[in-house]
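Student: Please take a close look at one part of this model, the second largest pocket, together with the strands and salt bridges that share residues with it.

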Amino acid sequence: MVKSHEERIELRPGDPEAEARMKALSSPLRLRVLRLCAFESRTNKELAELLGVNPGTMLHHVRTLVSTGYLAAEPERAGAQGAREVPYRATGLSWRTSMPSGSTVLVETFLQQIEGLADEDLDTTWLGLKLNDEHKAELQQRLYDLAQEFKDRGPDADGETYSLFFAFHPDHNPPALHGTSPSPD
């Protein structure tokens, strides 16, 4: 069953809550934590091991994500040798949050995510388009709606995890100057 999706959250500079959320999403490490906690709960220790960082450093990042609503603590559980563990799960809020000036951090996060993948495990497409404002807006909305539809379905119990990265950007591709001679060097 497909759930109705909630409105996008626009983060605007000057609002203290928005500023804290923008800062939380400005770290590739924190974005990778959200990805790791998207389908299953993970403890601070598990996250630190998976991402190769000190548990104290990871705790700082986890607390930042919890305080901004991107990560939620689940009920405590007993870990190895009865130690108290707190698992965390991504809330899905980051999917609905716009990231002003966030494209660079998303690209950096993407590059970290694919580091070490075999060429056959990475399927990429690059396409140039020439669109007017109306068709550009239509394409952006349809791509968002398609991704939202699959997100709303929830994870497949028998599925494998995948990451989808799509970049839509202006292409510096000025029109050819027809009928003019190239200028000498």
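Tutor: What follows goes from the pocket to the sheet and then to the salt bridges.

This is a predicted model, in which local features need pLDDT of at least 70 and side-chain atom pairs count only at pLDDT 80 or more, while totals for chains, interfaces and linings use all residues. Residues are numbered from 1 along each chain as its sequence is written, and side-chain values use heavy atoms, with hydrogens and water left out.

A pocket here is an open set of points on a 1 Å grid over the protein atoms alone, where a 1.4 Å probe fits, with protein on both sides within 12 Å along at least five of seven lines; lining residues have an atom within 4 Å of a point. The second largest pocket has a volume of about 250 Å³, a volume being the space filled by probe spheres set on the points, which are joined across faces, edges and corners. Its lining consists of Thr 43, Asn 44, Lys 45, Leu 59, Gly 79, Ala 80, Ala 83, Arg 84, Glu 85, Val 86 and Tyr 88. Helix H3 (44-51) and strand S4 (84-85) each contribute at least two of the lining residues; helices (H or I, at least four residues) and strands (E, at least two) are DSSP runs numbered from the N terminus. Sorted by class, the lining has five nonpolar, three polar and three charged residues, where Ala, Val, Leu, Ile, Met, Phe, Trp, Tyr, Cys and Pro count as nonpolar, Asp, Glu, Lys and Arg as charged, and the others, Gly among them, as polar.

Tyr 88, one of the lining residues, stands opposite Arg 42 in the pairing of S1 with S5. Strands S1 (residues 42-43) and S5 (residues 87-90) run antiparallel and are joined by two bridges; two strands pair if DSSP finds at least two bridges between them. On S2 (residues 71-73), three bridges lead to S5, again antiparallel, and Ala 72 stands opposite Arg 89. The resulting open sheet has the order S1-S5-S2, with S1 and S2 as edge strands, each pairing on one side only.

Glu 85, also in the lining, forms a salt bridge with Arg 77 (3.3 Å, N to O); the term requires a side-chain nitrogen of Lys or Arg within 4 Å of a carboxyl oxygen of Asp or Glu. Arg 77 also meets Glu 46 in a salt bridge at 3.4 Å, N to O. That pair links distant parts of the chain, with Arg 77 in strand S3 (residues 77-78) and Glu 46 in helix H3, 31 residues apart. Glu 46, Arg 77 and Glu 85 are thus linked in a network. Arg 77 is partly exposed at 32% relative accessible area, and Glu 46 is partly exposed at 30%; partly exposed lies between buried, under 20%, and exposed, over 50% (1.4 Å probe, protein chains only).
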